[in-house]
Amino acid sequence: MRVLSLKSKFAVLLVALISLSLAVNMLWTAVNTREQVEAQLREKGAVLAQQMNCVWEFMVSNQDRLEQISFTENGVYQGLHCAIVGRSIGALFTSQTDYVTRYVNFNPRNSADEPDEFEAAALRAFIDEGTHEYYQVVEADGREVFRYMAPMKIDQNCLKCHGEPAGELDVTGHLKEGWSLNDVGGAISITMPMDVYVRTEQQTVRQNVEFFAGMLLVCLLIVFVALSALVTRPLQRIRDGVSSIRQGNLEARVGVPTSSVEMHDLSSDFNSMARDLAQSYATLEEQVDDRTAALAKANEELRRQQTRLEEANLVLSDENRMKSEFLAMMSHELRTPLTNIIAFTELLRRDCGHLSNEEEQSVSKIESNSQVLLMMINDILEMSRVDAGRARLQRELIDVGDVVLAVEEVIGPLAQRRGVAFATDVSADTPLVYADFEKLRHILTNLCNNAVKFTDAGGAVTLLVDCVEESAGQKQLRMRVRDNGIGIALGDQGKIFDRFVQADSSSSRRHGGTGLGLTLAKEYVEMHGGAIAMRSELGKGSEFEVTLPVIPPNDEADNASRRM
């Protein structure tokens, strides 16, 4: 969006202010002039009404003398009276001017004195409210007129023709109205044209507006010139100085005006800033060279440290590989004689026939400890394979019930010797699963062995297998190992799947173990694309839950194995 200059903004603002001021002035002048015109017409109407009322009173006060010469020889009244004189004077005044003068009443003796709507409203105001005048600007015959009315009160001289008793004939032969002293006997109605006043009003408004507009334009010109001299020109000089500095001329300076304190201070601050900038730039290259040298030195040191770190990583990688190979070799070498021990123990039990209780206990201890040792060696061997990246899934369609039976063959005797009840429950609707048989057996064996190991005699361990359906409609194999053993403290639950970590060092040392069982179980579960979770409460037991997809992803279903 284009930004307006300061001059343009001030011009727009001043034009808006002038327009608003002219509109307000025009409105105020029109209203004020109209009020003055109405006041003048009201005053003139009051004077005219007073004059007409004086003529009426004169006629009334001299009515007796007029009556002496107004009767014929036959006694018929043919003279002048107040109503005739007043109506005649009003008609004569109306014919010689643009004004209209009438005497009106609600029940006039002459139909020409019938009031119109405006006059009727005035008469009601005089009679009901005691108003002493009534006026209004109205439109008549397409032009504005000022109508003024004043009441005519009944005095003592009027009672002779218009007083009591009502209905009696007066000297003119008309019925008396029965009015009392100070009653409203009618009203003087004066209509004055406003053409001249309207023209005068319009001319006055126009002259005032023209004068005011001229004054505002002169003020606008003065403000605009002052703005240019005091603000925009000094700002333009400062802007030119900024442009010069931006182009690389650090010696640029601006003149310091004395037109105003603000511009003087602004220009002085600009020159001070330019001097500081030039001084800073003078030492900038030297500082850049120093920083560049320091940075090069730091980069060189960083490269040396990186080289040492890479060498250390190579050493650690070799050591880790050698460690994994050593563990794999040792586990393999240890597993061979251990397997022979277990085999010879079974031969001893079979060939020796009946064994004494002491011999039976010795053979059982050899078998159980050999099995425990074999599981520990298998864990170490499997972990070394995982670290070396050689662990792979051999997927095939398997019956989970067969896996559970294989687990029972290993865990059942261990649980029996510890006095722990071990039970399994495979749901009838559990489908065939596309998975690695040995790794699935390893998962369940480690979880069940862990549960038996940390459950005291008299406790129970249960392996539950069923099938559940996710919200997306995919089926999941669910395997839960539940025990009522010692449980796991809340603070230890977050690290239970870490390598070589056991929840309670005192308890785990008492029960033995490498701390790799749960780690391997988690690794195998994730290789299958599943998840493992744990819920436990200290002193009340634990439950480990494993969920695996019944049907693996498409790319895995098409391949018999997957590298980690």
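**Arg147 and its surroundings**

Visitor: Which residues is Arg147 in contact with, leaving aside its neighbours within four places in sequence?

Guide: With those neighbours set aside, Arg147 is in contact with Asp116, Phe118, Glu119, Tyr134, Tyr135, Gln136, Val138, Ser189, Ile190 and Thr191, contact meaning heavy atoms within 4.5 Å. This is a predicted model, in which local features need pLDDT of at least 70 and side-chain atom pairs count only at pLDDT 80 or more, while totals for chains, interfaces and linings use all residues. Residues are numbered from 1 along each chain as its sequence is written, and side-chain values use heavy atoms, with hydrogens and water left out.

Visitor: Why is Arg147 called buried?

Guide: The term buried means under 20% relative accessible area, with exposed being over 50% and partly exposed lying in between (1.4 Å probe, protein chains only). Arg147 has a relative accessible area of 12%, so it is called buried.

Visitor: What makes the pair of side chains of Arg147 and Asp116 a polar contact?

Guide: A polar contact is a pair of N or O atoms within 3.5 Å, of which, within protein, one must be able to donate a hydrogen and the other to accept it, and residues adjacent in sequence count only if both atoms are side-chain atoms. The side chains of Arg147 and Asp116 make such a contact at 2.9 Å.

Visitor: In which strand is the place of Arg147, and what is the order of the open sheet?

Guide: Arg147 belongs to strand S3 (residues 143-153), strands being DSSP runs (E) of at least two residues and helices DSSP runs (H or I) of at least four, both numbered from the N terminus. The open sheet has 4 strands in the order S1-S4-S3-S2, with antiparallel pairing. S1 and strand S2 (134-140) stand at the edges, each having a single partner strand, so one side of each is left without a neighbour in the sheet. From one strand to the next, the twist averages 25°.

Visitor: How do you know that S3 and S4 pair?

Guide: Two strands pair if DSSP finds at least two bridges between them, and S3 and S4 are joined, in the antiparallel sense, over 9 bridges. Among the positions concerned, Tyr148 has Ile190 in S4 as its bridge partner, and Lys153 stands opposite Val184 in S4. Strand S1 (residues 100-104) also pairs with S4 in the antiparallel sense, over 5 bridges, with Val104 standing opposite Ala187.

Visitor: Why is strand S4 described as largely enclosed?

Guide: In strand S4 (residues 184-193), 10 of the 10 residues are buried, so the strand is largely enclosed by the rest of the structure. Ala49, whose place is in helix H1 (residues 6-61), touches Tyr148, Ala150, Ile188 and Ile190, not counting residues up to four places away in sequence. Ala49 is itself buried, because its relative accessible area is 4%.

Visitor: What makes the crossing of H10 and H12 left-handed?

Guide: A crossing is left-handed if the near helix is turned anticlockwise from the far one by less than a right angle, and right-handed if clockwise; that of H10 and H12 is left-handed. Helix H10 (residues 437-453) and helix H12 (residues 517-527) pack at an angle of about 145°, with their axes 9 Å apart; the axes are lines fitted to C-alpha atoms, for helices over the stretch in contact, and angles run from 0 to 180 degrees between N-to-C directions.

Visitor: How do you know that H12 is mostly covered?

Guide: Of the 11 residues of H12, 9 are buried, among them Leu518, Tyr524 and Met527.
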